[in-house]
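Subject: Structure handover

Hello,

Here is the structure we spoke about. My notes on it follow below.

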Amino acid sequence: MRGVEIRLVSGALGAEVRGLDLASLDEGVVSTVRDLVHEHLVVFFLDQDLSVSAHQRLGESLGDIVANSYTPSVDPEHPGVTLHRSEDGYIANVWHSDGQPRPAPVKYTIFKMVTCPTRGGDTMWANQYLVYERLSPPMRELLDGLTALQRSGVNLAEQSPHPAVLVHPETGRKLLYVSRFHTVRFLEMSVGESRALIDYLVALAAEPEYVCRYRWSPGVVGIWDNLATQHYGVNDFDEPRVFHRVMIQGPTLPANAGRWPALDDDAPRTMITKDGSAGVVGEFSSDLWSRAD
Ligand SMILES: [Fe+2]
């Protein structure tokens with residue numbers, strides 16, 4: 001599109017874009033936004049003046065808006081635009097993908113920075129295509145056959161199995177769909193095997209070569225491909241940080257990788273203790289539950 005300037009944020013993913021007004025939507029702008037997000041995975045649109053209504057319209061132009069029961073709306077007229085204030089505990093300093101434990105997770109997240117701390121409060125994203133593609137062939141083959149159980153740390157009743165390696169519904173590329181916050185175990189493996197493999201994969205994805213880190217400023221609107229990435233809100237600030245968020249519904253994902261039968265392992269039943277304070281796999285704790293969804 002003419003007049004659009006792009007600056008790459010890191011070698012792995014991320015682009016800053018100038019010269020595109022997200023409040024003046026037409027077919028050209030919407031398809032450019034979609035293409036940029038699929039190519040760079042997280043795109044930061046600079047110099048935006050996006051009202052709450054325009055934020056909602058931008059969301060509607062990219063798909064169906066997800067109703068989020070965990071977070072309050074900015075106002076009653078815009079139920080799909082949610083308010084996230086650090087003072088209310090919205091920090092999310094754990095690697096996750098939005099809505100990963102749902103049968104149909106979030107496809108895109110649109111994040112408008114409203115109030116920034118003068119220092120800190122960056123967000124990091126990892127390129128989950130790249131993580132998968134750089135694994136050895138035997139490891140890729142193993143993961144291709146595994147089903148990952150994804151559980152919400154906010155609502156423990158919310159969980160879904162998905163293939164550990166997803167074929168992205170829009171780009172057709174394979175990606176590793178495993179995160180520190182949500183992935184509990186692989187259904188075809190024991191809990192112990194799952195823990196070792198999940199620990200390896202989430203540590204790998206957090207290595208700097210797979211990651212970009214972005215310093216927000218007011219007026220920036222970030223849109224990310226929430227299936228192809230996971231993200232982390234860096235908790236290194238002590239001033240107010242406020243953003244508005246719209247999430248776009250993705251398709252229902254397969255529930256099984258389909259290669260091996262599930263392994264019956266009793267250990268997951270003891271994952272959460274009675275007081276909700278400890279888990280066997282992953283990093284479940286009441287402290288973490290309040291930080292992400
Ligand atoms: Fe998130």
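Helices (H or I, at least four residues) and strands (E, at least two) are DSSP runs, numbered from the N terminus. The expected span of a helix is 1.5 Å times one less than its number of residues.

This is a predicted model, in which local features need pLDDT of at least 70 and side-chain atom pairs count only at pLDDT 80 or more, while totals for chains, interfaces and linings use all residues. Residues are numbered from 1 along each chain as its sequence is written.

Helix α5

Helix α5 (residues 191-205) has 15 residues, so at 1.5 Å a residue it should span 21 Å, and its end C-alpha atoms are indeed 21 Å apart. Its buried residues (20 or more other C-beta atoms within 10 Å of their own, with C-beta atoms placed from the backbone; 12 or fewer is exposed, in between is partly exposed) are Ser-194, Leu-197, Ile-198, Leu-201, Val-202 and Ala-205. They lie on the same side of α5, because they cover an arc of only 125° around the axis, the arc being that of the directions from the helix axis to the C-beta atoms. On the face turned away from that side are the exposed residues Ala-196, Tyr-200 and Ala-203. The cover over the buried residues of α5 includes β6 (123-127), α3 (128-133) and β14 (229-233); contact here is between residues with C-beta atoms, placed from the backbone, within 7 Å.

Helix α2

In α2 (residues 52-62), the buried residues are His-55, Gln-56, Leu-58 and Gly-59. Seen down the axis of α2, they fall within an arc of 155°, so they line one face of the helix. These residues pack against β5 (106-115) and β15 (242-249). After α2 comes Gly-63, with a positive phi near 150°.

Domains and core

The domain assignment, which is automatic or from a database, gives domain 1 (5-126 + 213-249) and domain 2 (128-206 + 254-288). Their C-alpha centres are 25 Å apart. Domain 1 gives 16 residues to the contact and domain 2 gives 24 residues.

The largest nonpolar core (buried Ala, Val, Leu, Ile, Met, Phe, Trp, Tyr and Cys residues joined through C-beta atoms within 7 Å) has 71 residues, of which Trp-125, Ala-164 and Leu-176 touch the most other members. Each of the two domains supplies at least three residues to this core. Leaving out residues up to four places away in sequence, Trp-125 touches residues including Leu-13, Leu-41, Val-211, Trp-224 and His-231.

Regards

Key:
Contact = placed C-beta atoms within 7 Å.
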